[in-house]
Structure formats: structure tokens, C-alpha cells
Amino acid sequence: MTIEQEESSYDYVFKLVVVGDSGVGKTNLLGRFVHDTFDFASKSTIGLDLTIKNMEIKGKRVRAQIWDTAGQERYRSITKRYYRGSVGALLVYDITKRESFDNLGRWLNELRINEAHPDSLVMLIGNKSDLDSRRAVTQEEALAYAEKNGLMFMETSALESINVEKAFETLIHNIFDKLSGKLATMDDKKAEIMKGQAIQISAPLESNSKNSHSNSCAC
């Protein structure tokens with residue numbers, strides 16, 4: 001069975017991206033959510049990495065394609081293309097690194113100018129909450145930033161598995177509610193065409209990615 005055939009069996013296929021500075025813990029957040037693992041020797045992502053999470057929401061089969069993007073400047077030209085068509089993003093900073101919070105505006109701008117889906121939702125994540133004694137960004141400051149920019153907000157610890165599943169699932173459930181609600185308002189024929197094909201993923205993975213999947217879903 002091809003990937004296209006497999007994905008056609010799902011009611012919804014959502015493309016998500018995880019963005020933020022290098023070293024904020026994006027890869028371990030994803031590892032904790034999908035595999036319930038934490039890698040103390042985790043290295044910076046090179047280019048892109050794709051992970052699949054299958055879920056059932058309100059009786060519907062949902063597949064989340066989650067792209068872990070490199071935070072280093074030299075990979076920006078590669079990763080920016082993969083924002084296109086994403087319906088959700090986790091915007092991650094490290095609560096102990098002020099610079100990673102100060103850089104959020106740049107990442108948020110890249111999401112918006114690189115053709116994320118018009119209905120995309122963003123969850124702001126303050127990671128490494130287990131290091132509260134070394135905190136450089138207060139919860140109040142982060143919450144104010146989230147409210148100003150129309151983002152959801154949560155603090156997490158990939159190390160101690162605090163709020164990681166809750167953050168991802170909250171984002172995915174909100175995406176589901178928003179997009180499934182739009183489908184429900186369409187005429188039956190158009191809704192049937194879109195059903196299970198919510199996102200267009202037009203570009204195959206580059207050689208820089210650790211995976212070799214090629215995905216094609218039309219909206």
C-alpha cells in the first residue's frame with residue numbers, strides 16, 4: 001500500500017510544524033508526544049524530520065504529519081518551504097533562554113509569510129518548565145505575548161513529560177474542531193471532495209530529511 005493509499009483511509013490529514021530556536025527542545029517534545037521517549041543525547045535536527053501520529057477524534061480517523069524543523073540559520077531556506085499548507089504549529093522557546101523568547105517574532109512572521117494555511121492555529125510552548133529555578137521568561141510575560149498575537153499558550157517539560165501530550169492534543173483537537181466545522185457548512189458534494197484531504201503537501205522530502213516518505217494530499 002502506498003502512502004497516498006494509506007492516508008486516503010483517514011478522514012483528516014493535518015500538517016503541523018514545530019518551530020523555534022535551536023536547542024529549545026523541539027525534537028524531544030515530539031519524541032515524548034509520539035513515542036513517550038526522551039533522548040539526553042539528542043542533537044540538533046538537520047534540515048527536517050517527519051513524524052506521524054495517528055489519532056481518533058470524535059469518531060473520525062485523524063493523521064497528524066508533524067515536521068520537526070531545524071532551528072539553525074543555515075537550514076532556514078530548506079525549512080521555510082515546509083511551512084506551506086500547515087494547519088498548525090508549535091512555536092517553542094526555552095524558559096531559561098531569554099534570546100529564544102525574544103526571537104519568537106521572527107519565527108511567527110516566517111509562519112505567516114510562508115503560506116501557512118489561512119485557518120492555521122499556533123500553540124506557544126515554553127519548554128523546560130522543570131528548570132524553573134533558572135527561569136528567564138515569566139509565565140505572565142509569555143501569556144501576554146500569546147494573547148497579543150492570538151496564540152494558545154502552555155508550558156511543558158519534555159524531560160518530565162509535563163503537559164507535552166496535552167499541548168499537542170489541544171492544538172490538534174482545536175484544528176479538528178475548526179476545520180471539521182467548516183466542512184459541515186459546505187454543500188455535501190464539496191465536503192465529500194475535501195473529506196480526508198484537508199491539507200495540500202506538495203513538496204517531497206529533501207535529502208536533508210531523516211525520512212524518505214513522499215506525501216500528496218489535495219485540498
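Let's call a residue buried when its relative accessible area is under 20%, exposed when over 50%, and partly exposed in between (1.4 Å probe, protein chains only). The model is a predicted one, where local features need pLDDT of at least 70 and side-chain atom pairs count only at pLDDT 80 or more, while totals for chains, interfaces and linings use all residues. Residues are numbered from 1 along each chain as its sequence is written, and side-chain values use heavy atoms, with hydrogens and water left out.

**Exercise 1. Get the overall picture of the protein chain.**

Step 1: start with burial. Of the 219 residues in the protein chain, 51% are buried.

Step 2: list the elements. Helices (H or I, at least four residues) and strands (E, at least two) are DSSP runs, numbered from the N terminus. By that count the protein chain has eight helices and six strands, and reading along the sequence gives α-β-α-β-β-α-β-α-α-β-α-β-α-α.

Step 3: check how far contacts reach (contact means heavy atoms within 4.5 Å). Take the contacts between residues at least 6 apart in sequence: 75% of them join residues at least 24 apart.

Step 4: look at the outside. About 10,600 Å² of the protein chain is exposed, and carbon and sulfur atoms supply 47% of that (Shrake-Rupley method, 1.4 Å probe).

**Exercise 2. Find the nonpolar cores and say which elements build the largest one.**

Step 1: fix the term. A nonpolar core is a set of buried Ala, Val, Leu, Ile, Met, Phe, Trp, Tyr and Cys residues joined through side-chain atoms within 4.5 Å.

Step 2: pick out the hubs. The largest core has 30 residues, and F14 and I172 touch the most other members.

Step 3: trace the contributors. β1 (12-20), α2 (26-35), β2 (48-57), β3 (60-69), β4, β5 and α7 (164-184) each put in at least two residues. The top contributor is α7, with eight residues.

Step 4: zoom in on I172. Leaving out residues up to four places away in sequence, I172 touches F14, L16, F33, M55, I57, V62 and A64.

Step 5: don't stop there. There's a second, separate core of 22 residues, and I95, W107, V137 and Y145 are among its members.

**Exercise 3. Work out which way helices α5 and α6 face.**

Step 1: take α6 (residues 139-149). Its buried residues are A142, Y145, A146 and N149. Looking down the axis of α6, these fall within an arc of 100 degrees, so they line one face of the helix; the arc is that of the directions from the helix axis to the C-beta atoms.

Step 2: flip α6 over. The face turned away from the buried side carries the exposed residues E140, E147 and K148.

Step 3: ask what the buried side of α6 packs against. Its partners are β4 (88-94), α4 (98-102), α5, β5 (121-127) and β6 (152-155).

Step 4: see what follows. Just after α6, G150 has a positive phi of about 70 degrees.

Step 5: repeat for α5 (residues 104-113). Here the buried residues are L104, W107, L108, E110 and L111. They fall within an arc of 155 degrees seen down the axis of α5, so they too line one face of their helix. R112 and I113 are the exposed residues on the face turned away.

Step 6: place R106, which is also in α5. R106 is partly exposed, at 36% relative accessible area. Its C-alpha is 9.2 Å from that of G20, though the two residues are 86 apart in sequence.

**Exercise 4. Go through the salt bridges and grade the burial of the partners.**

Step 1: set the cut-off. A salt bridge is a side-chain nitrogen of Lys or Arg within 4 Å of a carboxyl oxygen of Asp or Glu. The whole structure has eight of them.

Step 2: try D36 and R32, whose side chains meet at 3.1 Å, N to O. D36 is exposed, with a relative accessible area of 51%, whereas R32 counts as buried at 14%.

Step 3: move to R98 and E141, bridged at 2.4 Å, N to O. This pair links distant parts of the chain, with R98 in α4 and E141 in α6, 43 residues apart. R98 is partly exposed at 32%, and E141 is partly exposed at 28%.

Step 4: extend that pair. R98, D102 and E141 are linked in a network of salt bridges.

Step 5: finish with D132 and R135, at 2.8 Å, N to O. D132 counts as partly exposed at 44%, and R135 is partly exposed at 24%.
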